[in-house]
Amino acid sequence: MSGDILPKWVDVLLIPLLNLVLALFVSGLVVLFIGENPFEAMRILVNGAVGSAYGWGYTLYYTTNFIFTGLGVAVAFHARLFNIGGEGQAAIGGLGVALAMLWVPWPHWSVALVAAAVAAALFGAAWAAIPAWLQARRGSHIVITTIMFNFIASALMVYLLSRVLLVPGAGGSPETARFAEAVRLPNAADVLPFLGFPRSTPLNVSFALALLSALFVWVLIWRTRLGYEIRAFGLSGPAALYAGISPVRITMIAMLISGGLCGMMATNAVLGEAERLVIDPVQGAGFVGIAVALMGRSHPVGVILAALLFGVLYQGGAELEFERPAITRELVIVIQALVILFTGALDGMVRRPLEGFFVARRRGRPAAAAAVPEPTSPRGADNDPVHRAEP
Amino acid sequence: MDFADLIQILDSALRLATPLLLACLAGLFSERAGIFDIGLEGKMLASAFFSAAAAYATGSAWLGLLAGIGAAMVLAAIHGLASITFRGNQLISGVAINFLASGMTVVVGETWFSLGGRTPALAGPARFGEVELPFADAVRDVPVLGPVYSDLLSGHSILVYIALAIVPLTWWVLFRTRFGLRLRAVGENPAAVDTAGVSVVGLRYAAVMICGVLTGIAGAHLATALGAGFVKEMSAGRGFIALAALIFAKWRPWYALGACLLFGLLEAVGNRYQNIDVGGFDIPTQFMQALPYILTVVILAGFVGRAIPPRAGGEPYVKES
C-alpha cells in the first residue's frame, strides 16, 4: 500500500488538501459547538492574518519559525526518523544564540546573524546528537528519547535562566540581558520600506535565511549523494545496508541536520524578535514542525506552503481571540491537532478510497498507459516514517 | 529530617504516584497489545477537564469520574480508529491526541466557565474525600507502625486505593486469564493470534479502550482528588512520566508500581525541598524534575538492563489475503 498506485498530483496535492478540508471542517464544528459562526470566524482569521501589512508581518514571522522546524522534522522523516524533539532542540539553539550574542561584541548585525545561525545550528544539533547516537548505536527508540530530551531541555533552560544567566536588573523574571544594539536584525520595515510593514512587526531578515535553508534541504535531499543515501535508508534500512550505506552514519547525519535546522529557529525568535533569551522562546514551534512536515509531504516547497498556512493560523488565531473573546487562541492548537490527525494518522481514511478509485480506473486502460511514478518522488510520512528495522 | 517528615513525604509520594500508576497501567495494556500510546498525557488531560466540569455541574465526584472516563475513552477510540482500523502511524496519532486535548480543554472550558480555561473550584461531594481506613485512629499512637498505618496508608482518596488494587488485577488479567494471554500474544505476534481464529482487531480495540478507562481514572484523580478543579495543562507531563515508568518497569505490572512510586517520591521530594544540599553540592529542583526523564534515557540506552518492548508494538497488523 504505497503511494505508487496514485498519480503524483493526487499524492502531493489532492490528499493533503482533502485532509486539510476535513481538519477545517471538524474545527468548524468545534466553533459551531461553542456558539460562534464558523464562516465568520474563518473570515476574521484570514483577514487578521493576510488582510493588512501588519498581519502579514506577524504571519511571515511565524512562518519563518515553522519553516525551520518543519524542515528539521522533514529531513529526519526522509531517513524514517520521527524527531519529536524539535521543541528542545530549538530551545537549546536559543541558548546558543544567547551565548554567542552575550559573549562576543559583534560589530555588525550581518556578522552577528551568521554567528547566531551557526551557534543555533550547533547547539540544536548537539542536543539531537545524543538521541541520535542512542538510536543508532543502542537501539533506543528515537521518539521516546527525543520526548524525554524536550523535558530535560526545558528543565535545563529554567535552571540556567533562573540561576545562572539571570541579569540583576530584569525584575526577577528569568531572562538574559538584552543583546547589544549593534546586532539588532533589520526588520521588514527597514529592508522593504515600500511594502508598508509597520515597525512593530517582528518579521526580519531571518525569513531569507529560512528560504535559503529550504533551498539547502532541497539540494541536499534530491541533488547530493548524501541525500540519496538518506532517502534510500528511509525507504528500506536493510536494502540501504546491502548497498553499503551505514545506518549509524545516516541516522547520525540526518538527526544532526534535523536538530540543527530546528535550532536555527532561534535565530528568528531569539535574535530577530525577543533580542534576549526568555523562558520558552520556542512557543510550540517544534511541535508545529511535525504538522508542517506531514502536510508538506517532507518536501521543502510543501514545507514552505504548510508553514505559511500555520503562520496564517497562528496570527489569525490571535486576531480571532481579540475580536471574538469567546474563541480562545487555543482553537489554533485544536486545528493543528486535527491537521496532524488527518494528514498523519488518519491518512488511510482518505487514501484508501482514492486508491480504490484509481485502481478501478486503471483497469479500464492498457497497463502501459498507467502513470509511472517518478523514482525520486518525495515520499512523505504517508506510510510510517518511524518504524525502521531496529539494528 | 525526622520520622514525621519522612511519613509526610511518603504520604505525598503515594498521592502523586497514583495518576502515574493509573496512566502507566493504561499504557501497559495498550502497548502489551502492540499499540504504542504517547497520547496518555492527552487522555489524562481531557479526563481531568471533563471530570471536573461534570463534578461541578452535578455536585458528584462519582459522576465526574464517569464523565472523565467517557472523555478519555472517546480519545482512545480515535487512537484505535487511526492505528487499528486505518493502520495509521500510532506515534503521530498520539501526538495529535495530546494536542487535541490540550487545545480542546481550554476552548471548551472558556466557553463553559469563562475562567481562562479553568473550571470553578470543587468542594464537598464534588471532590473525592479522604477515606479513613478502619482503626486508623485507634493505632495512631503505636510507635512507628501507628503513623505508617494511620498517616501514610490511611486518609487517601478512594481512587488511590482503586489504583493500588488495579496492580494485582492487571497482573491477574494479563498473566492468568485467556484474554490476557491473547492480549499479550497480539502484541508479540498478531499473525499467530489471527491464525488461531481470534480477532486481532477486537483484542487491540479492547486493550485501547481499557487504556481509555484507566487514563480516565487518572485524570479524574488529578482534578477531583489531588486538586480541586481543572487548571489549564494540569497533567503537566505526567503522561510522559507514566510512559517513562512503563519503560522502566519493562512493561510489567508490579515493576510499574515500583517505578511509579519512585517517580512519585522524586516529585514529592522536589516539591518539598526546592534545593537539596548533598555534601556541599547544591542540587537544583529542576534537576529533580528532569530526573525521571534522564533515568528513562539511561534505561533506554541499555546501560541499566535492557528494556525490550513488545515485538509487534507500533506495527499495524495487515491480514494476509
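## Where the two chains meet

In this predicted model, chain A and chain B touch each other through 48 residues of chain A and 50 residues of chain B. The area buried between the two chains is about 4,100 Å², and carbon and sulfur atoms give 76% of that area. On the chain A side, A:R138, A:M148 and A:F151 are worth finding: they supply 14% of the area that chain A buries against chain B, more than any other three residues.

If you wonder why an area is quoted here, the size of an interface is often given as the accessible area lost when the parts come together.

## Chain A at a glance

Chain A is built with 15 helices and zero strands. Its radius of gyration is 22 Å, close to the 21 Å that the globule rule gives for 391 residues, so chain A is as compact as a globular protein of that length. The C-alpha trace of chain A spans about 75 × 55 × 40 Å along its principal axes.

Buried residues make up 58% of the 391 residues in chain A. Among the contacts in chain A with a separation of 6 or more, 79% are between residues 24 or more positions apart. Chain A exposes about 15,400 Å², with 68% of it supplied by carbon and sulfur atoms. Chain A also carries 25 positive and 22 negative charges, and the mean positions of these two sets are 10 Å apart.

## A residue to look at in chain A

Turn next to A:R297, which sits in the loop between helix 12 (285-295) and helix 13 (300-323) of chain A. Its phi is near 50°, a positive value in a residue other than glycine. Is A:R297 buried or exposed? With a relative accessible area of 3%, A:R297 is below the 20% cut-off, so A:R297 counts as buried.

## Chain B at a glance

Chain B has twelve helices and four strands. The radius of gyration of chain B is 20 Å, close to the 20 Å that the globule rule gives for 321 residues, so chain B is as compact as a globular protein of that length. Along its principal axes, the C-alpha trace of chain B spans about 70 × 50 × 40 Å.

Of the 321 residues of chain B, 58% count as buried. Residues 24 or more positions apart account for 77% of the contacts in chain B with a separation of 6 or more. The exposed area of chain B is about 12,600 Å², and carbon and sulfur atoms supply 66% of it. As for charges, chain B has 20 positive and 20 negative ones, whose mean positions are 12 Å apart.

## Helix 5 of chain B

Helix 5 of chain B covers residues 145-153, and in this helix B:G146, B:P147, B:S150 and B:L152 are buried. What covers these buried residues includes helix 1 (3-32) and strand 2 (156-157) of chain B. After helix 5 comes B:G155, whose phi is positive, near 85°.

B:G146 lies in helix 5 and is buried, with a relative accessible area of 1%. Which residues does B:G146 contact, leaving aside its neighbours within four places in sequence? They are B:V139, B:R140 and B:D151. The C-alpha atoms of B:G146 and B:A136, ten residues apart along the chain, are separated by 8.0 Å.

## The loop between helix 9 and helix 10 of chain B

The loop between helix 9 (200-226) and helix 10 (238-248) of chain B holds B:G237. B:E233 has its place in the loop between helix 9 and helix 10 too. Phi of B:E233 is near 55°, a positive value in a residue other than glycine. B:E233 is partly exposed, with a relative accessible area of 38%, whereas B:G237 counts as buried, at 4% relative accessibility.

What does B:G237 touch, not counting residues up to four places away in sequence? It touches A:F151, B:E41 and B:Y293. That brings us back to the interface, where A:F151 is one of the three residues that supply 14% of the area chain A buries against chain B. Within chain B, B:G237 and B:G42 are 195 residues apart in sequence and 9.5 Å apart in space, C-alpha to C-alpha.

Technical notes:
Residues are numbered from 1 along each chain as its sequence is written. Chains are lettered from A and ligands numbered from 1 in the order in which they are written. This is a predicted model: local features need pLDDT of at least 70, side-chain atom pairs count only at pLDDT 80 or more; totals for chains, interfaces and linings use all residues. Side-chain values use heavy atoms; hydrogens and water are left out. Helices (H or I, at least four residues) and strands (E, at least two) are DSSP runs, numbered from the N terminus. The radius of gyration is taken over C-alpha atoms; the globule rule is 2.2 Å times the number of residues to the power 0.38. Buried means under 20% relative accessible area, exposed over 50%, partly exposed in between (1.4 Å probe, protein chains only). Contact means heavy atoms within 4.5 Å. Accessible areas come from the Shrake-Rupley method with a 1.4 Å probe; for residues, only the protein chains shown count as cover. Lys and Arg count as positive and Asp and Glu as negative; His and the chain ends are not counted. The place of a charge is taken as NZ of Lys, CZ of Arg, CG of Asp or CD of Glu. Buried area is the accessible area (1.4 Å probe) that two parts lose on being put together, summed over both.
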